[in-house]
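Please open the structure in your viewer and set the display to cartoon, with side chains ready to be switched on when the tour calls for them.

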Amino acid sequence: MTDPTGRADDRIVVGVDGSEPSREALRWAVRQAGLTGASIDAVMAWEWPGYVTWGGMMPPAAPTEETIEESTQQTLLTTIAETVGAAPPVEIRALTQPGGPVQVLLDAARGASLLVVGCRGLGGFKGALLGSVSQHISHHAPCPVVIVRAHLGDDS
């Protein structure tokens, strides 16, 4: 959302997928929101499992859109609570959306002041590379982007 002057609202969008890099991104976003007075939209994308429509047939116990959405929402809420506590110091909205993570995050970031994502460190030369999601987002985001590296255990 933007205000009438065209400025971004005070909202930080952070991509959360349950991985340690995304948890680092959420912790970073919470610290930043505390400094700036922003709120956080913690966003988790979900897609239909590949087996659901394999061969055009549904398995007998196929999940529904509602069960996948509920499961994703619960995973997101659990990840937030485990990462920043049950009573975070800033407002965090837990948002889930069907679709691929890149498009879901780009859509959520419209009008935001910042988009924060985690990036898995691979170590060595490969550690200098970005993953496909963070690279695509860094090129196409409608707002500034912060890519947070996961700590690898030592600060060397």
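The tour below goes from the sheet to the helices and then to a single residue, and the model it follows is a predicted one.

Begin by selecting the strands, of which there are 5, forming an open sheet with parallel pairing in the order β3-β2-β1-β4-β5. At the edges you will find β3 (92-98) and β5 (145-149), and because each has a single partner strand, one side of each is left without a neighbour in the sheet. If you then look along the sheet, the twist from one strand to the next averages 25°.

Next, select β1 (residues 11-15) together with β4 (residues 114-119), two strands that run parallel and are joined by 3 bridges. Within this pair, Val-14 has Val-116 of β4 as its bridge partner.

Now add the helices. Helix α3 (residues 101-108) lies across β1, β2 (39-46), β3 and β4, and runs at about 155° to β2. Helix α4 (residues 132-140) also packs on the sheet, where α4 touches β4 and β5 and its direction makes about 155° with that of β4.

Finally, select Ser-39, which lies in strand β2, and show its side chain. Is Ser-39 buried or exposed? Its relative accessibility is 11%, and since buried means under 20%, Ser-39 counts as buried. Leaving aside residues up to four places away in sequence, Ser-39 touches Asp-10, Arg-11, Ile-12, Glu-91 and Arg-93. With Arg-93 there is a polar contact between the two side chains, at 3.2 Å.

Notes
Residues are numbered from 1 along each chain as its sequence is written. This is a predicted model: local features need pLDDT of at least 70, side-chain atom pairs count only at pLDDT 80 or more; totals for chains, interfaces and linings use all residues. Side-chain values use heavy atoms; hydrogens and water are left out. Two strands pair if DSSP finds at least two bridges between them. Helices (H or I, at least four residues) and strands (E, at least two) are DSSP runs, numbered from the N terminus. Axes are lines fitted to C-alpha atoms, for helices over the stretch in contact, and angles run from 0 to 180 degrees between N-to-C directions. Contact means heavy atoms within 4.5 Å. Buried means under 20% relative accessible area, exposed over 50%, partly exposed in between (1.4 Å probe, protein chains only). A polar contact is a pair of N or O atoms within 3.5 Å; within protein, one must be able to donate a hydrogen and the other to accept it, and residues adjacent in sequence count only if both atoms are side-chain atoms.
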